[in-house]
Amino acid sequence: MSDLTVTKIRFRNGKWEGRISNAPVTGTPPNIRVLYLDQPVEQVALSEGSRDGEWELVITVPTEAIADGVHSFVITDAAADQTLAHFTLIGGDVAAEDMRCEVELLRAELDMLKHAFRRHCVETA
């Protein structure tokens with residue numbers, strides 16, 4: 001099991017930036033692998049952080065991922081073969097199929113059920 005943790009710093013200008021913590025203090029960068037469509041992302045940079053055991057991670061999003069649809073990136077500790085974090089890009093006309101739409105529908109149905117349940121409780125009390 002990996003002790004590494006990944007914390008997002010920001011995502012802008014096509015670069016996802018994060019911080020890796022709890023790395024061994026050996027001066028050797030952790031073996032981080034980033035996958036997109038089960039293929040390794042080539043432009044991944046690691047640099048030593050300001051504290052011992054910290055590393056700065058910069059992932060340049062490949063241009064083929066900037067397209068319609070949902071595109072997920074998985075950050076893994078290759079040495080432990082464990083997922084550390086992930087991020088997703090959503091673009092184009094997927095809003096109708098987006099999970100946020102489903103959540104809004106579920107919220108509306110939950111509100112309807114709450115009102116019906118409260119009415120039932122008042123009527124049977």
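**Exercise 1.** Which residue in S4 is the bridge partner of tyrosine 36?

*Solution.* This is a predicted model.
Step 1: Find the two strands. S3 covers residues 32–36, and S4 covers residues 39–40.
Step 2: Check how they pair. S3 and S4 run antiparallel, with two bridges between them.
Step 3: Read off the partner. Tyrosine 36 bridges to glutamine 39 in S4.
Step 4: Look at the turn. The S3–S4 hairpin has two residues between its strands, and leucine 37 has a positive phi near 55° there.

**Exercise 2.** Find how many bridges join S3 and S7, and which residue of S7 stands opposite arginine 33.

*Solution.* Step 1: Locate S7. This strand covers residues 69–77.
Step 2: Count the bridges. S3 and S7 have five, in the antiparallel sense.
Step 3: Pick out the pair. Threonine 76 of S7 faces arginine 33.
Step 4: Judge how covered S3 is. Buried means under 20% relative accessible area. Four of the five residues of S3 meet that cut-off.

**Exercise 3.** Describe the largest nonpolar core and place isoleucine 75 in it.

*Solution.* Step 1: Give the size. The core holds 20 residues.
Step 2: Name the best-connected members. Ile32, Ile59, Phe73 and Ile75 have the most contacts inside the core.
Step 3: List the strands that supply at least two residues each. They are S2 (15–21), S3, S6 (55–60), S7 and S8 (82–91).
Step 4: Find the top contributor. S8 gives the most, with four residues.
Step 5: Look around isoleucine 75. Leaving aside neighbours within four places in sequence, its contacts include Val6, Trp16, Ile32, Ile59 and Phe87. Arg33 is also among the contacts of isoleucine 75.

Definitions and conventions:
Residues are numbered from 1 along each chain as its sequence is written. This is a predicted model: local features need pLDDT of at least 70, side-chain atom pairs count only at pLDDT 80 or more; totals for chains, interfaces and linings use all residues. Side-chain values use heavy atoms; hydrogens and water are left out. A nonpolar core is a set of buried Ala, Val, Leu, Ile, Met, Phe, Trp, Tyr and Cys residues joined through side-chain atoms within 4.5 Å. Buried means under 20% relative accessible area, exposed over 50%, partly exposed in between (1.4 Å probe, protein chains only). Contact means heavy atoms within 4.5 Å. Two strands pair if DSSP finds at least two bridges between them.
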